[in-house]
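Good morning, and thank you for coming. I should like to take you through one structure that may be new to you.

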Amino acid sequence: MSLEAEKAHASAAITAGERRRAALAEVDEAKFSWFHAKACIVAGVGFFTDAYDIFGISIAATMIGYVYHQGGSSTANQDLGIKVAHSIGTFFGQLLFGWAADQIGRKRMYGVELMIIIIGTLGQAVAGEAPGVSIYGVIIMWRFIMGMGIGGDYPLSAVITSEFAARRIRGRMMAAVFSAQGWGNFTSAIVSIIVVVAYKNEILAEPVTDLKAIDQCWRLIIGLGCVPGVIALYFRLTIPETPRYTMDIERNIKQASQDVDTYLTTGTYVVDPIHNNERAEVPKATLSDFATYFAQWKNFKILFGAAWSWFALDIAFYGLGLNSSTILSTIGFGSYTSGSKQLQMYQTLYNVSVGNIILAVGGLIPGYYFTFAFVDFWGRRPIQLMGFVLLTIIFCCMGFGYHAMLATASGKKAFVFLYCMANFFQNFGPNTTTFIIPGEVFPTRYRSTGHGISAASGKLGAIVAQVGFSRLKDIGGTNAWLDHILELFAFFMLTGIFSTLLLPETKGLSLEDLSHEDQTNFVRDSGIPPVSEEIARIEEEHRAHHQL
């Protein structure tokens, strides 16, 4: 056997299918490296930006009310429009980018959503009004556009992280990416305090008919949200295509095998379309194939379980914010009503910022890291089940004991404690796992689409909470129906228990094992010659060369 034939025999798997399985095994069993850390950081910065932009609007909306209502507040519809616009945009972005990442490519779409977020954020920061257009209409438009980008970040970051991760650390990598939300929320409150304090003298001195300082404050707070996105943009645009997408959708097994070897050793990748142009025969994503795959109960129940769990969770996750003013007042960081109007505005803005920091540290951030610690040891399903069970109990206590607790000082402290526990067990529970599981349980050709559908279902729950419950809470008087809303949250948490039972445990399993597809014959008649044929070809070329 010639040297060239020996090299071919040593370097190639026997068939394209075996070459694919060998490359996947190399990804699944890889040791944690700088490349894995970089993937988490690049994806996490996007979620940091998302959360900053989402939660930063809470204090910015108060400032906008002061500026455009001469020290007053926005109408209920204006306030709702500003706060719900991004959720509606996110809903459409999750569906659109989820589909596009499967059809066009993870790499080709990654970074596009961040550009949209950056443009939408800057658009808000410089928004103005004119005789023919309201400032609220302009902000709502830009927040919808920003929401489209935020929506794209969910399926793209989840799927890219899961497809690059080794199976034993996949849960922790995805939890680390998602935990950046907590820090985005925390940072938005920190920036708010810094900006408000920096403008203190101007806020206290200017007349309520010309609140230039407060106008500059909210524009700064919102505008600074695009800074981490701009920093991360380059790294998103240069991240390699995932080997699973290259193999299973682009059908280029040879290129994917090379990518695995290259990025796991050097953290870089090289596209070689001339030499790596083999196209294997694998199942293709079509409408009929999608219908056939999800028509099977074993597959549909997973999609339904993931989508409903996220829907139920987000109803409570976003609806819980309806109680934040009560919580902040209880801990002494509510609206300020003494002194001049200027002092009231300044102190209220300061109190809300400090209060949001306390709530973030008190429940949001610790919950993410408890999930991080246990997700690859205990498993996703047990954490999600535990979270839904405890949240059902917590919301029952908060709802049925609402008036009794708020009637006494000790009862108010108990209510604050339960609120923080609800935040904690949402994040050490279904808020994190509903993000992780859909990024693992679908085959490569539908993984991003499935995650997008699940995430969009969650955002639909958020819209229901923001629009529906904001109207219901004032039935019979201001906040008179909040106790019943908390009881409704308990009901949805109960339904989450049953939807979780439809989901498989994904801990320690490869993405291919979770796809419910036969991997032995996954690569069909490929047109890629087996190694024996390749060796014969090289031998023939070698003999012909010597005959010359």
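**A salt bridge, two helix pairs and a cavity**

In this predicted model, Lys83 and Asp79 form a salt bridge, and their closest N and O atoms lie 3.2 Å apart. Both residues belong to helix H4, which covers residues 76–103; Lys83 and Asp79 are 4 residues apart there, so about one helical turn separates them. Across the structure, the count comes to 16 salt bridges.

Let us turn to helix packing. Two packed helices are described by the angle between their axes and by the distance between those axes.

The first pair I have chosen is helix H8, residues 170–198, with helix H17, residues 341–374. Their axes are 9 Å apart, and the packing angle is about 165°. Are H8 and H17 roughly parallel or roughly antiparallel? An angle over 145 degrees counts as roughly antiparallel, and H8 is therefore roughly antiparallel to H17. The crossing of H8 and H17 is left-handed. As for the residues in the contact of H8 with H17, 22 are nonpolar, 7 are polar and 1 is charged.

The next pair is helix H15, residues 297–319, with helix H22, residues 444–472. Here the axes come within 7 Å and cross at roughly 30°. Since angles under 35 degrees count as roughly parallel, H15 and H22 are described as roughly parallel to each other. H15 passes H22 in a right-handed crossing. The contact of H15 with H22 has 14 nonpolar residues, together with 8 polar and 2 charged ones.

I come now to empty space inside the model. Rolling a probe the size of a water molecule over the atoms shows where such space is left. How many cavities of 30 Å³ or more does the structure hold? There are 3 of them, and the largest has a volume of about 80 Å³.

Which helix gives the most to the lining of the largest cavity? That helix is H15, with 4 residues. Helix H3, spanning 34–68, as well as H8 and H15, each supply at least two residues of this lining. Among the lining residues are Ile54, Phe55, Phe178, Gln181, Trp310 and Asp314, and also Asn431 and Lys459. By class, the lining of the largest cavity has 7 nonpolar, 2 polar and 2 charged residues.

Thank you for your attention.

Terms used. Residues numbered from 1 in each chain as written. Predicted model: local features only at pLDDT ≥ 70, side-chain atom pairs only at ≥ 80, totals over all residues. Heavy atoms only, no water. Axes fitted to C-alpha atoms, helices over the stretch in contact; angles between N-to-C directions. Parallel < 35°, antiparallel > 145°, perpendicular 65-115°, else oblique. Left-handed = near helix turned anticlockwise from the far one by under 90°. Nonpolar A, V, L, I, M, F, W, Y, C, P; charged D, E, K, R; others polar. 1 Å grid on protein atoms, 1.4 Å probe; cavity = no way out; pocket = protein on both sides within 12 Å on 5 of 7 lines; lining within 4 Å. Points joined across faces, edges and corners; volume = space filled by probe spheres on them. Salt bridge = Lys/Arg side-chain N within 4 Å of Asp/Glu carboxyl O.
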